[in-house]
Amino acid sequence: MVRRVDLTGADGVRLVAWEFAEPPKGPGADDGGTAPAPGVLLLHGLMGRAGHWATTARWLAERFRAVALDQRGHGHSAKPADGRYTREAYIEDAAAAIEHLGLAPVTLVGHSMGALTAWQLAAHRPELVRSLVISDMRASALGAASQREWQNWFRTWPVPFATLADVRKWFGEDDPRVERPNPARGAYFAEVMAESADGWRPVFAPEQMLAARETWVHDAHWDSLAQVACPTLVVRGLDGELGRAEAQEMVRVLPQGRYAEVPDAGHYLHYDQPEAWRAAIEPFLAETAGLA
């Protein structure tokens, strides 16, 4: 069961969050009362959507209050043509979701850009965050060349796609960024396509994705990482974009950093290897929420 929650983010932008299952009863209640289950807010990466967290959210909902946010420009949330797609806007949106839903102190689980939002929020609003999971996001600057590569990559997309099968095949096999066939990657991108009059197109605007990326790709983010005081788990896929050396340096910089790997996984590790992903993060989540 999933419940849609409409809320307002920074600048009045309409956001949509999804709460999975009924909030479970937490431990520690006396006299027939109930204690609220600890909250988890799931933040997808650039081009993602809340639904990408469905498998994770369903097992989380057994012990946690699990909520996934469609961030501005993504999923069912608003995509204003003249909107702010800045670091500050994404951080303010996540804070608004936590406060609207009464999740604080929350565990933040972020993938890629969502992980950057999560740790910057934890650094700036520590009272809102209990613990943090950073999934395959680098703290180092990627630079102008990386941004140009993304601009060129969007131009290679053969949109509109005739069918969803074509979407899965292109992103799973034919995309020049794919080194070997990856059905999970194809399925991931199929979830962010919508049917239009002439075929299947992304639910997001590529120019808005580039605008969002422009606000963080040129900078390093080690300073904000060092300001994260809560327990933090840095997770990487062995074939992902975050290298082992940088991940371990992130753990060293974090005041309460820990490290985990997901074997046989690429950048979309929670989608590539959902059971191994669960095994990597579940003990940390239970411990930091007092459920171990």
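**Placement of Thr 56 and overall architecture**

Thr 56 is located in helix H1, which spans residues 54–60. In this predicted model, the residue is buried, because its relative accessible area of 3% falls under the 20% limit for burial. Beyond its sequence neighbours up to four places away, Thr 56 makes contact with Leu 42, His 270 and Trp 277.

Helix H1, the element that holds Thr 56, belongs to a protein whose secondary structure amounts to 11 helices and 12 strands. The radius of gyration is 18 Å, close to the 19 Å expected from the globule rule for 292 residues, and the protein is therefore as compact as a globular protein of that length. Along the principal axes, the C-alpha atoms occupy a box of roughly 60 × 40 × 35 Å.

Burial and contacts were also evaluated for the whole protein. Among the 292 residues, 55% are classed as buried, and Thr 56 is one of the buried residues. Of the contacts with a sequence separation of 6 or more, 71% involve residues 24 or more positions apart. The contacts of Thr 56 with His 270 and Trp 277 belong to this long-range group.

With respect to the surface, the accessible area of the protein is about 12,200 Å², and carbon and sulfur atoms contribute 50% of it. The charged side chains comprise 29 positive and 38 negative groups. The centres of these two sets are 1 Å apart.

Note on methods. Residues numbered from 1 in each chain as written. Predicted model: local features only at pLDDT ≥ 70, side-chain atom pairs only at ≥ 80, totals over all residues. Heavy atoms only, no water. Helix = DSSP H or I, 4+ residues; strand = E, 2+ residues; numbered from the N terminus. Buried < 20%, exposed > 50% of the residue type's maximum accessible area, 1.4 Å probe, protein only. Contact = heavy atoms within 4.5 Å. Rg over C-alpha atoms; globule rule 2.2 N^0.38 Å. Areas by Shrake-Rupley, 256 points an atom, 1.4 Å probe, with all protein chains shown as cover. Lys, Arg positive; Asp, Glu negative; His and termini not counted. Charge placed at Lys NZ, Arg CZ, Asp CG, Glu CD.
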